[in-house]
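Let's take a walk through this one together. We'll begin with a single residue and what it touches, then move on to the core and the overall fold.

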Amino acid sequence: MANLFDTILSALPADTGDVLGAQLGESPDAAFKGLSGIIPLLLTAFAGKAASGDAGSLLSLAQSGLSGGNPLDNPGGLLGSASSTGGVGGLASQLLGSNLAPIAAAVAGYFGLKGSSVNSLFALAGPLITGGIGKVLGASPSAESVRDLLVSEKDSY
């Protein structure tokens, strides 16, 4: 069975880097690598919060992200709005809190991306992660199942 990260990446269209690069004004390679770096970063933070007993509030974010259908059922639709996402997204803000700005700056520097592009990628990663959780656990995961999944896979992220 593929882990959550692989489940998410395998659901993305082959032209994800091209689409993101064009929308964000970045190189396709840098945009895709940035997204591929942000997803495990957020998964690790989510696993840490879940392991510390803070899964309930984060579960509500995941469930609300799945309420209108699984985002991974139409990842192209998500990619189409990557440059217009407002802010940095609820999941990234919830997971990283006050560390979000310095982490975003580090991601931007590491992948050679604009700060605004990194913010868009963080916002895009939230629905992708909730979609991955939905693919693995179903449309109505429990706090315990999310915690168990994230904690059991933490070392693979």
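Contact here means heavy atoms within 4.5 Å. With that in hand, look at Leu-12, keeping in mind that this is a predicted model. Setting aside residues up to four places away in sequence, Leu-12 touches Phe-32, Leu-35, Pro-75 and Leu-128. Leu-12 sits in the loop between α1 and α2, and despite that loop address it counts as buried, because its relative accessible area is 10% and the cut-off for buried is under 20%.

Pro-13 shares the loop between α1 and α2. Is Pro-13 buried or partly exposed? At 27% relative accessibility, Pro-13 goes down as partly exposed. Its partners, again leaving out neighbours within four places in sequence, are Pro-75, Gly-76 and Leu-79. Pro-13 and Leu-79 are 66 residues apart in sequence, with their C-alpha atoms 9.3 Å apart in space.

**Into the core**

Leu-35 and Leu-128, two of the residues that Leu-12 touches, turn up again in the core. The largest nonpolar core has 43 residues, and those with the most contacts inside it are Leu-35, Ile-39, Leu-42, Phe-122, Leu-128, Ile-129 and Leu-150. Two or more core residues come from each of α1 (4-11), α2 (16-24), α3 (28-51), α5 (75-80), α6 (90-96), α7 (100-111), α8 (115-137) and α9 (143-153). Which element gives the most to this core? That would be α3, with 11 residues.

Ile-39 is a nice place to stop for a moment. Leaving aside neighbours within four places in sequence, Ile-39 is in contact with Phe-5, Ile-8, Leu-9, Ala-125, Leu-128 and Ile-129. For comparison, take Asp-6, a residue of helix α1. Asp-6 is partly exposed, with a relative accessible area of 37%. From Asp-6 to Ile-39 it's 33 residues along the sequence and 10 Å through space, C-alpha to C-alpha.

**Two more helix residues**

Ser-117 belongs to helix α8. Its relative accessible area is 1%, so Ser-117 is buried. Beyond the neighbours within four places in sequence, Ser-117 is in contact with Leu-24 and Glu-26.

Leu-100 has its place in helix α7. Leu-100 counts as buried too, at 9% relative accessibility.

**Sequence gaps and distances in space**

Here are the C-alpha separations for some pairs built around the residues above.

| Pair | Apart in sequence | C-alpha distance |
|---|---|---|
| Asp-6 and Ile-39 | 33 residues | 10 Å |
| Pro-13 and Leu-79 | 66 residues | 9.3 Å |
| Leu-100 and Gln-23 | 77 residues | 23 Å |
| Leu-12 and Ala-139 | 127 residues | 19 Å |

**Stepping back**

So what does the whole protein look like? Its secondary structure comes to 9 helices and 0 strands, and reading along the sequence gives the pattern α-α-α-α-α-α-α-α-α.

How do the dimensions come out? The C-alpha trace spans about 40 × 30 × 25 Å along its principal axes. A compact globule of 157 residues would have a radius of gyration near 15 Å, and the protein's 14 Å agrees with that.

The contacts add to the picture. Among contacts with a separation of 6 or more, 80% are between residues 24 or more positions apart. Buried residues make up 45% of the 157 in the protein.

As for the outside, the accessible surface comes to about 6600 Å², and 53% of that belongs to carbon and sulfur atoms. The protein has 6 positive and 11 negative charges, and the mean positions of the two sets are 5 Å apart.

Methods: Residues are numbered from 1 along each chain as its sequence is written. This is a predicted model: local features need pLDDT of at least 70, side-chain atom pairs count only at pLDDT 80 or more; totals for chains, interfaces and linings use all residues. Side-chain values use heavy atoms; hydrogens and water are left out. A nonpolar core is a set of buried Ala, Val, Leu, Ile, Met, Phe, Trp, Tyr and Cys residues joined through side-chain atoms within 4.5 Å. Buried means under 20% relative accessible area, exposed over 50%, partly exposed in between (1.4 Å probe, protein chains only). Helices (H or I, at least four residues) and strands (E, at least two) are DSSP runs, numbered from the N terminus. The radius of gyration is taken over C-alpha atoms; the globule rule is 2.2 Å times the number of residues to the power 0.38. Accessible areas come from the Shrake-Rupley method with a 1.4 Å probe; for residues, only the protein chains shown count as cover. Lys and Arg count as positive and Asp and Glu as negative; His and the chain ends are not counted. The place of a charge is taken as NZ of Lys, CZ of Arg, CG of Asp or CD of Glu.
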